[in-house]
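Take a walk through this chain, from its overall make-up down to single residues. Keep the structure open as you read.

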Amino acid sequence: MTTKSLRPFHTILLTVVLLSSCAAPSATPQPSNTIPAPGGTLPNDWVEKVKDIVWVTYSPPNADPNKGLETSLDDIRADLEVLREAGFTGLVTYDSRGVMGKDLPVIAEEAGFDGLIMGIWDPANEEELSNAKAASAFSIVLGFCVGNEGLSKRYEMPVLSFVIDNLREETGKPVTTTEELDDYYDEKLLQLGDWVFPNAHPYFHGQLDAVNAVKWTEGAYKDLDGKTDLFVLFKEVGLPTAGDSEGKLSETVQNQYYQELENTEVSFVYFEAFDQPWKTNLSVEPNWGIFFSDRTPKELGLRLMGEEPIVAIPTPTATVPPIETTVSISDDVFYIYNDGASPYNHFSPSGYMGDTGDIQIDGASEENPQSGETSIQVIYNLQGNGPYTCDYKPPCKWAGVYWQQPANNWGKEQIWAGTGYDLSAYSRLKFWARAETACTLEFKVGGIIGDYGDSLSYPRGITEKLTSEWKEYEIPLDDTNLSYIIGGFVWSTSWEKCPGGATFYLDEIRFEK
């Protein structure tokens, strides 16, 4: 989508207030008493209706926001006819400018759709907000999503929060926003809307095959659902059909992924209806569609239309024998790192990721350890040096390291069977950390997916801004499956989170009961 620069916040507030005071169309409903205040609970009938609808994200394939080219009404009708034939009964959009705001609700209702969640791309765009408020008169419009992956890039939290509250009050309908899954570690974001509507892509977390991608998606959903009382609906979730450097993606893999995901408890939106040729930032971006841009169905589209036999997903044939002999100081503590030469250390910092040439690790640094004689020093230089593990044109602009059992175990080959640890007795991971300059990092447990990967397929973690002082951190692991762990600990960060690079220290990394 094209973007516009934000105006000063006071100007936006004035604009929104003026819009809300304008006379609304006579059909526009008054605010409903059933819609909650921010952070409240949605009515059960709304949630159940949303769950019953088969949703797909929709952007017209022949439009080009980069060139300001809008689609025609006839093309929208043709698009929606194809989507109805495939069994979709709900649409999620991104933009309410032009025909997508003024005409789509009418056409979608005429085409027999049961639900529409309208997107507002720019919270400061008067046309989008005005169109959204007018469209709330239609019963097909079940809610609004303000913004998409734009927080702190195209708009700021105060603006977003103000517009969400105002739109809810003016329309009487639920309103939320969308950011990337990992951003929902932020409690303010998690509670911002009336439901949680993240983009959750297994592809961008290194999962390119159907079986492991579904495991990752299901784990991600359960993890996020456990953090909030709000209804969780994954907005963007799926696999592209081409564009990866290794040639692992295909129409068959996409079809298999959704076929299995349909049998889980995950509430999700299919992403996306049609290929978008104008998206060229990454090689996979034009290829997420269930249909090609000319509306020709891919394998998944054929199956949804009932024209293609279901393709069974191959399941792993090997079982994972758990439990590895361990050495512990006591039954209450299981160390990943106790001291540089400690016999109680477990796992190896071998799983380098991203711009791996930017990482330097010293496991026996004597520079002000938190306890004992040494700590782990990590230097992250933002040079973009390889080798690279990202599946797009480098530099990756991020990096991280897994502590693995044994070294270099990614759980993909039978040789690794039975090599992990049973840590079921433990309820949390604790560690100490500090940095020479302030830097934000993610720390996680588990998440290595493969036939012989972690029993904790979706990692548990925290995002923290380290300071120059030692501080102890904790990752809660209650209600997790720790029966077979090969990825005991991982840190990761990026150019965006640590714009000046980082030198940070870790000490006393251990599991506790």
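**From strand pairs to buried residues**

Start at one bridge: Lys 444 has Val 490, in β17, as its bridge partner. This is a predicted model. The bridge belongs to a pairing between strand β14, residues 439-445, and strand β17, residues 487-494. The two run antiparallel and share three bridges.

Now widen the view. β14 and β17 sit in an open sheet of five strands, ordered β9-β12-β17-β14-β15, with antiparallel pairing. The edges are β9 (348-354) and β15 (460-466), each of which pairs on one side only. From one strand to the next, the twist averages 20°. Strands in a sheet are held in register by pairing through backbone hydrogen bonds, parallel or antiparallel.

Another strand pair lies elsewhere in the sequence. Strand β8, residues 333-337, pairs with strand β18, residues 502-512. The sense is again antiparallel, and there are four bridges. In one of them, Tyr 337 meets Ile 509 of β18. How much of β8 is buried? Five of its five residues are, so the strand is largely enclosed by the rest of the structure.

Step back to the whole chain. It holds eleven helices and 18 strands. Of its 513 residues, 56% are buried. Among contacts with a separation of 6 or more, 74% join residues 24 or more positions apart. The exposed area is about 21200 Å², and carbon and sulfur atoms supply 48% of that.

Turn to the helices. Helix α7 covers residues 157-171. Does its length fit or miss the expected span? At 1.5 Å a residue, its 15 residues should span 21 Å; the end C-alpha atoms are 21 Å apart, so the two agree. An α-helix has 3.6 residues a turn, so residues three or four places apart point the same way. With that in mind, look at the buried positions of α7: Met 157, Val 159, Leu 160, Val 163, Ile 164, Asn 166, Leu 167, Arg 168 and Thr 171. After the helix comes Gly 172, with a positive phi near 70°.

Helix α10, residues 251-261, is largely enclosed by the rest of the structure, because eight of its eleven residues are buried. They are Val 253, Gln 254, Asn 255, Gln 256, Tyr 257, Tyr 258, Gln 259 and Leu 261. What do they pack against? The partners are α9, β6, β7 (268-270) and α11. At the N-terminal end, Ser 250 acts as the cap of α10. One of its side-chain oxygens lies 3.3 Å from the backbone nitrogen of Thr 252.

Follow that packing into α11, residues 299-304, which contains Arg 303. Is Arg 303 buried or exposed? Its relative accessibility is 11%, so it counts as buried; the cut-off is under 20%. Arg 303 and Gln 259 are 44 residues apart along the chain, yet their C-alpha atoms are separated by 9.3 Å.

Finish in a loop. Thr 228 lies between α9 (210-225) and β6 (234-237). With 8% relative accessibility, Thr 228 counts as buried. Its side chain reaches the backbone nitrogen of Leu 230 at 3.0 Å. Leaving aside residues up to four places away in sequence, Thr 228 touches Leu 190, Gln 191 and Val 196.

Note on methods:
Residues numbered from 1 in each chain as written. Predicted model: local features only at pLDDT ≥ 70, side-chain atom pairs only at ≥ 80, totals over all residues. Heavy atoms only, no water. Pairing = 2+ DSSP bridges. Axes fitted to C-alpha atoms, helices over the stretch in contact; angles between N-to-C directions. Expected span 1.5 Å × (residues − 1). Buried < 20%, exposed > 50% of the residue type's maximum accessible area, 1.4 Å probe, protein only. Polar contact = N/O pair within 3.5 Å; in protein donor to acceptor, adjacent residues only side chain to side chain. Contact = heavy atoms within 4.5 Å. Areas by Shrake-Rupley, 256 points an atom, 1.4 Å probe, with all protein chains shown as cover.
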